[in-house]
Amino acid sequence: MNADVFLYFIFITVKLLFFNSIIDGTGIVNIPLIASVIGTVLLLVFWAGLLPRKARLLLLFILDCAVTFIIIADLLFFRYFSDVLSMPVLAQASVVTSVKSSILNLLHASDLIFAVDLLLLPFVSVKAGRLNKKRKAGFGKRIICALSAFIIGIGLCSYGVSELLKTQPEIFKSFYDRVYIVQNIGLLGFHGIDAFQYVKSMDKSELSVSEDIKKEIAEFIKEKKSEQQSSPKLFGIGKGKNLIVVQVEALQEFVIGKSIEGQEITPNLNKLIKSSLYFDNYYTQTAGGGTSDAELLSNVSMHPARDGATYIRFPLNDYYSLAKRLSEEGYLTSAMHAYRPGFWNRSVMYRTLGFDEFIDKEDYIPEEISGMGLTDKSFFRQSLEYMEKYKEPYYAFLITLTSHFPYDNDKKHLGSFNVGKYKDTFFGNYLEVIHYADEALGSFIDELEARGILDRSVLAVYGDHFGIPRDKKEYLADFLGLKEMDDYNWVKQQRVPLIIRIPEGKYKGTKHIAGGGLDFMPTILNIMGVDSSNMPMLGRDLLNSAEGMAVLRHGYFITDKYICLTSKGVAYDAESGSIYPAEKLAKEKELAARQLRYSDMITEHNLVKELIEYLKNET
């Protein structure tokens, strides 16, 4: 191998292994990973020795730049989503330009280490070139060397993949934990397989689902419904009332009931909980689509797409949504969000979901701007003016904005909130915007009450997804008084509050059943007294289920008693955090895998209409 090719091989390999040490958290790399990374880099550079020196150096430098770009892009994505990029996500590149501040906030000065070799290699390559002249090999030897590197590369990659498949034989079928794949076969190995799977999925011959499978999915949905009570509790307690749903940006459960420097962080939410049904074991189930995934979960009761965002990949599917079902009951339906209508493809998706109207950025007066756009207080004030004109009953779906990552908003509209030692830190900024969001929500609820709307409505409030990315977990551990934010504690903190207020504050109380965004729609339909027997929903009515289960997009699942990190083969007692034998949860693991698999089939093959017919015929 030429000296300059060898140098590029070493630098790229080291960068990829260093990336893995960052995302693994422990800094530990295993032998199959090392073998896989070396193998993939060999497959990248094996051909270079056959080229003339100038062409070789130019192409190797371009290749190194490309690998560096991939590493940085994946690192930033991981810091925010705790995941790595995949092919379908790249179709969402237009979304990235609208969150520039978020991207800049995720960059660390230490990331420059990945680009150091790009500055050094041109100079080192000169010396390597002189060494090549002294040890110049014939073309035949260079061919043998290239073929050897290629064969060794294939062998090392195969070894890494085979070792992964020994413990996770199904992982390449559903890609349920992309980070785990990267941790075992490296970043380039993952992207190679991901690209192959993506191209393969484009083959129309792959996109067919047999009638037997459709019946199997319908039976699965029917079984979930049959597990619930035949005479459901609280059915119809909100019948004929308005439904007002507020999806609060980045609101996590850990702030509820907490104080700092003697002040409640969320005094208005705390007050609302006292007169509401409160679900305190409710998990975020979002993925690469962020806020749009939360909207999908609540309005369709299907998991988000395994890659990318459903709103962007499948905007023209047939969805039997909450808005469509309530429209059939005579409701006017409206979605309200003070941002660009094209962001997350909402302008298309809301029509698909059956909303009668979408009140967007162009419909609001930009009187107060902070962060990404209109402040929550102004948003609620102006939205309420629209709502007062609606004929009742109506379904109003409001998505807030001020508490959007990275929380470094212009604070002139936020007031002051003493966050103590966290002042001017990422975590302190988060607490400040969440306190403001709570304040804005409190004013909104007061206005609803003053205008007589509150007791003519079912009011639901929930957080859309996590607020603290894993990259900032040390703040969360410190705030909660934890020695470390290990896997158990991290997963347990992926809860968001769900609060449902029934008119006049009836039927209040805290529910500890495990659930997630998937369960919102069936629970709300029960409260609204709407028959959902023919609706293909994967969630469960949390008010009428004997036990709960939240399946996260990457395959982890939480039951009322246990937390299982499926791909790691580890389970914990949900209350104590003590290790529980994961093999005893085999039934639940299979159920979680089926649910994700069926959800993907329904979305990717647009099966909703057919499933409705199956459910009708079987009831």
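Two strands pair if DSSP finds at least two bridges between them. The structure treated here is a predicted model.

**Exercise 1. Strand β12 and its partners**

Identify the strands that pair with β12, and find the residues that stand opposite I499.

Solution.
1. Strand β4, residues 277-279, is joined to β12 by 3 bridges, and the two run antiparallel. This count meets the requirement of at least two bridges.
2. Within that pairing, Y278 has I499 of β12 as its bridge partner.
3. Strand β11, residues 457-463, pairs with β12 over 4 bridges, also in the antiparallel sense.
4. Here V461 has I499 as its bridge partner in β12. I499 is thus the partner of Y278 and of V461.
5. For the side chains, a general rule helps: in a regular strand they alternate between the two faces of the sheet.
6. In β12, L498 and I500 point one way, while I499 and R501 point the other way. Each of these residues is buried, which means a relative accessible area under 20%.

**Exercise 2. An open sheet and the helix on it**

Give the strand order of the sheet that contains β15, and state which strands stand at its edges.

Solution.
1. The sheet is open, has 5 strands and follows the order β15-β16-β17-β18-β19, with antiparallel pairing.
2. The edge strands are β15 (549-551) and β19 (579-580). Each has a single partner strand, so one side of each has no neighbour in the sheet.
3. The partner of β15 is β16, residues 557-559; 3 bridges join the two, which run antiparallel.
4. In this pair, A550 is opposite I558 of β16.
5. Helix α22, residues 586-604, packs on the sheet and touches β15 and β16. The direction of α22 makes about 55° with that of β15.

**Exercise 3. A nonpolar surface patch**

Which elements give two or more residues to the nonpolar patch, and where is I113 found?

Solution.
1. The patch covers about 570 Å² and is made by F18, I22, I113, V116, L119, L120 and V124.
2. The elements giving two or more residues are α1 (3-24) and α6 (116-134).
3. Helix α6 provides the largest share, 4 residues.
4. As a general point, an α-helix has 3.6 residues a turn, so residues three or four places apart point the same way.
5. I113 is found in the loop between α5 (100-106) and α6.
6. I113 has a relative accessible area of 47%, so it is partly exposed. Residues of a patch must have over 30%.

**Exercise 4. Two helical environments**

Is L44 buried, partly exposed or exposed, and how many residues of α21 are buried?

Solution.
1. L44 lies in helix α2, residues 31-45. With a relative accessible area of 23%, L44 is partly exposed, because the cut-off for buried is under 20%.
2. Beyond its neighbours within four places in sequence, L44 is in contact with L63, V67 and L188.
3. L44 and L60 are 16 residues apart in sequence, and their C-alpha atoms are 9.3 Å apart in space.
4. For helix α21, residues 520-527, 8 of the 8 residues are buried, so the helix is largely enclosed by the rest of the structure. Among them are F520, M521, P522 and T523.
5. After α21 comes G529, with a positive phi near 70°.

**Exercise 5. Backbone exceptions**

Locate the cis peptide bonds that precede P393 and P406, and the positive phi values at E261 and E504.

Solution.
1. The general background is that most residues other than glycine have a negative phi, and most peptide bonds are trans.
2. E392 and P393 are joined by a cis peptide bond, with omega about 0°. P393 lies in the loop between α17 (376-387) and β10 (394-399).
3. The bond from F405 to P406 is also cis, with omega near 10°. P406 lies in the loop between β10 and α18 (426-450).
4. E261 has a positive phi, near 55°, and is found in the loop between β2 (259-260) and β3 (263-264). At 51% relative accessibility, E261 counts as exposed.
5. E504 has a positive phi, near 70°, and is found in the loop between β12 (498-501) and β13 (509-511). At 55% relative accessibility, E504 counts as exposed; the cut-off is over 50%.

Terms used. Residues are numbered from 1 along each chain as its sequence is written. This is a predicted model: local features need pLDDT of at least 70, side-chain atom pairs count only at pLDDT 80 or more; totals for chains, interfaces and linings use all residues. Side-chain values use heavy atoms; hydrogens and water are left out. Patches are made of residues with over 30% relative accessible area and no salt bridge: like charges are joined within 9 Å, nonpolar side chains (Val, Leu, Ile, Met, Phe, Trp, Tyr) within 5 Å. Accessible areas come from the Shrake-Rupley method with a 1.4 Å probe; for residues, only the protein chains shown count as cover. A salt bridge is a side-chain nitrogen of Lys or Arg within 4 Å of a carboxyl oxygen of Asp or Glu. Buried means under 20% relative accessible area, exposed over 50%, partly exposed in between (1.4 Å probe, protein chains only). Contact means heavy atoms within 4.5 Å. Axes are lines fitted to C-alpha atoms, for helices over the stretch in contact, and angles run from 0 to 180 degrees between N-to-C directions.
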